[in-house]
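Student: I have a model open and would like to learn how to read its features. Could you walk me through them?

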Amino acid sequence: MTCKPYHMSFNTGLRPDPLLKVSEWADGFRMLSQTASSEPGRWRTERTPYLKEIMDALSPSSPVEKVIFMKGAQIGGTEAGNNWIGYIIDQAPGPMLVVQPTVEMGKRWSKGRLAPLIDDTPTLRDKVKDPRSRDSGNTVQSKEFTGGIVVVTGANSAVGLRSMPVRYLFLDEIDAYPRDADGEGDPVSLAIQRTATFARRKILLVSTPTIQGLSRIEREFEASDQRYYWVPCPHCHTFQILKWPQVKWDDDPLNAYYVCISCEEKIYNHQKTWMLANGEWRAANECNGKIAGFHLSSLYSPVGWLSWGQAAQNFLHAKDNEQLLKVWVNTTLGETWVDKGEAPDWQRLFERKENYPIGIVPFGGLVLTAGVDVQKDRIEVEIVAWGKNRESWSVDYCRLSYFQFVQPSWLAKLGASSSELLARQG
Ligand SMILES: [Zn+2]
């Protein structure tokens with residue numbers, strides 16, 4: 001006798017948990033359109049095998065709540081998010097918010113990415129109401145489907161970010177978000193607040209990084225379990241993370257190859273297909289299991305997209321110009337740029353500031369110290385709380401003038417008035 005898994009919750013009215021994972025759904029149903037893809041036709045996860053684990057962390061069966069993807073260009077990264085949207089419409093409907101850096105970019109993304117995703121995948125086309133029919137109510141910024149809705153907005157619009165409670169939140173290109181949405185604060189925090197009422201929420205944050213210390217995606221990645229994609233050497237099978245210093249070339253940079261960190265044999269670009277297929281994500285940081293972070297540079301770009309040779313040629317083109325090199329580091333290595341000079345230390349420090357009430361030891365403060373500065377007419381005391389990784393908070397500060405602990409009667413015995421004493425000290 002076989003037992004069918006049965007996930008219906010009778011009392012809460014929740015929908016059954018779909019058994020399909022996002023990657024399985026994409027392989028079975030997702031069609032890539034001629035307009036939005038360089039490789040139109042049926043989606044194949046095996047083309048970009050590193051996306052499988054990212055997509056599956058977004059599946060309802062995964063305990064992960066927040067997925068962080070810090071990435072380079074030309075690795076198909078945005079498709080992980082698109083497949084997730086398709087999956088939600090087809091398999092796990094609910095309210096979803098997609099945030100692009102600006103409302104204008106959101107509209108462009110909706111027309112250029114979301115519309116083809118729906119139009120070219122038959123199962124989605126059947127579920128999303130056709131915006132051309134008069135009663136659909138669907139627009140560029142809002143697509144209703146059976147059991148849910150996808151709303152598209154921009155990080156520059158506080159109104160858009162406050163629109164409705166959402167179970168699914170897709171924050172795209174977060175390093176291009178403004179610091180502040182219409183004077184109402186950090187757009188990422190505003191958007192995440194919208195998910196607070198959903199116990200089984202999913203949040204996806206994707207971006208190419210920008211400047212170190214200011215990059216949102218780097219900050220999010222650092223707070224995650226920090227997964228890197230390890231691939232085996234085709235010669236000695238040693239697993240390694242692909243790193244730029246191992247890319248070398250002789251005369252023609254276009255013929256660049258990769259040098260194995262272990263056997264030092266040359267690995268050629270076409271061998272990447274095998275390496276990617278046999279690679280695996282490994283976490284570099286311990287986390288609570290709810291925040292999965294993935295870092296992937298363009299050195300992992302599949303054969304036929306960006307080769308190591310093209311990356312080398314782009315590097316040579318950019319290396320003598322700071323602006324070009326910055327873009328190359330961000331988009332090819334998927335790493336932040338260390339800005340020397342433009343952003344002073346105080347600015348980076350300011351970005352890290354928190355608000356907390358004076359006089360109370362903030363959460364995370366483990367040890368208190370008091371620093372005392374003795375001046376002629378006063379003593380200044382600062383109480384500092386110290387936490388992990390040398391994080392510190394100024395808990396309280398006070399200034400004790402001598403008159404607070406020198407009694408007037410003593411002054412009388414000394415034969416001096418308080419004003420005389422002050423005058424002497426001054
Ligand atoms: Zn090797």
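Tutor: Let us go from the whole chain to a helix, a strand residue, some backbone angles and a cavity.

Tutor: Keep in mind that this is a predicted model.

Student: What is the overall make-up of the protein chain in helices and strands?

Tutor: The chain has 14 helices and 18 strands. Of its 426 residues, 45% are buried. For contacts with a separation of 6 or more, 67% join residues 24 or more positions apart.

Student: Now a helix, please. How does the span of α11 agree with its twelve residues?

Tutor: Helix α11 covers residues 322-333, and at 1.5 Å a residue it should span 16 Å. The C-alpha atoms at its ends are 15 Å apart, which agrees with that expectation.

Student: Which residues of α11 are buried?

Tutor: Start with the general idea: an α-helix has 3.6 residues a turn, so residues three or four places apart point the same way. In α11, the buried residues are Leu325, Lys326, Trp328, Val329, Asn330, Thr332 and Leu333. You can look for that spacing yourself as you turn the view.

Student: What do the buried residues of α11 pack against?

Tutor: Their partners are two strands, β3 (66-71) and β15 (291-296), together with helix α10 (308-318).

Student: And what caps the N-terminal end of α11?

Tutor: Asparagine 321 does, with a side-chain oxygen 2.9 Å from the backbone nitrogen of glutamine 323. Beyond the other end, just after α11, glycine 334 has a positive phi of about 65 degrees.

Student: Let me try a strand residue. Is isoleucine 203 buried or exposed?

Tutor: Buried means under 20% relative accessible area. Isoleucine 203 is at 2%, so it counts as buried. You will find isoleucine 203 in strand β8, residues 202-207.

Student: Which residues is isoleucine 203 in contact with, leaving aside its neighbours within four places in sequence?

Tutor: The contacts are Glu65, Lys66, Val67, Leu169, Leu171, Ile192 and Thr195. Take glutamate 65 as an example: it is 138 residues from isoleucine 203 in sequence, yet their C-alpha atoms are 6.2 Å apart in space.

Student: What should I look for in the backbone angles?

Tutor: As a general guide, most residues other than glycine have a negative phi. Here, glutamine 226 has a positive phi of about 50 degrees although it is not a glycine. Histidine 237, also not a glycine, has a positive phi of about 65 degrees.

Student: Where do glutamine 226 and histidine 237 lie?

Tutor: Glutamine 226 sits in the loop between α8 (216-222) and β9 (227-232). Histidine 237 belongs to the loop between β9 and β10 (239-241). Glutamine 226 has a relative accessible area of 17% and is therefore buried, whereas histidine 237, at 48%, counts as partly exposed.

Student: Last topic: how many cavities of 30 Å³ or more does the structure hold?

Tutor: There is one. About 60 Å³ of space lies in the largest cavity.

Student: Which residues line the largest cavity?

Tutor: The lining consists of Arg30, Met31, Leu32, Ser33, Ala36, Ser37, Glu79, Asn82, Arg113, Pro116 and Leu117. The elements giving two or more residues are β1 (31-32), α3 (77-90) and α4 (103-120). Helix α4 gives the most, with three residues.

Student: How do the lining residues divide into nonpolar, polar and charged?

Tutor: Five are nonpolar, three are polar and three are charged.

Key: Residues numbered from 1 in each chain as written. Predicted model: local features only at pLDDT ≥ 70, side-chain atom pairs only at ≥ 80, totals over all residues. Heavy atoms only, no water. 1 Å grid on protein atoms, 1.4 Å probe; cavity = no way out; pocket = protein on both sides within 12 Å on 5 of 7 lines; lining within 4 Å. Points joined across faces, edges and corners; volume = space filled by probe spheres on them. Helix = DSSP H or I, 4+ residues; strand = E, 2+ residues; numbered from the N terminus. Nonpolar A, V, L, I, M, F, W, Y, C, P; charged D, E, K, R; others polar. Expected span 1.5 Å × (residues − 1). Buried < 20%, exposed > 50% of the residue type's maximum accessible area, 1.4 Å probe, protein only. Contact = heavy atoms within 4.5 Å. Polar contact = N/O pair within 3.5 Å; in protein donor to acceptor, adjacent residues only side chain to side chain.
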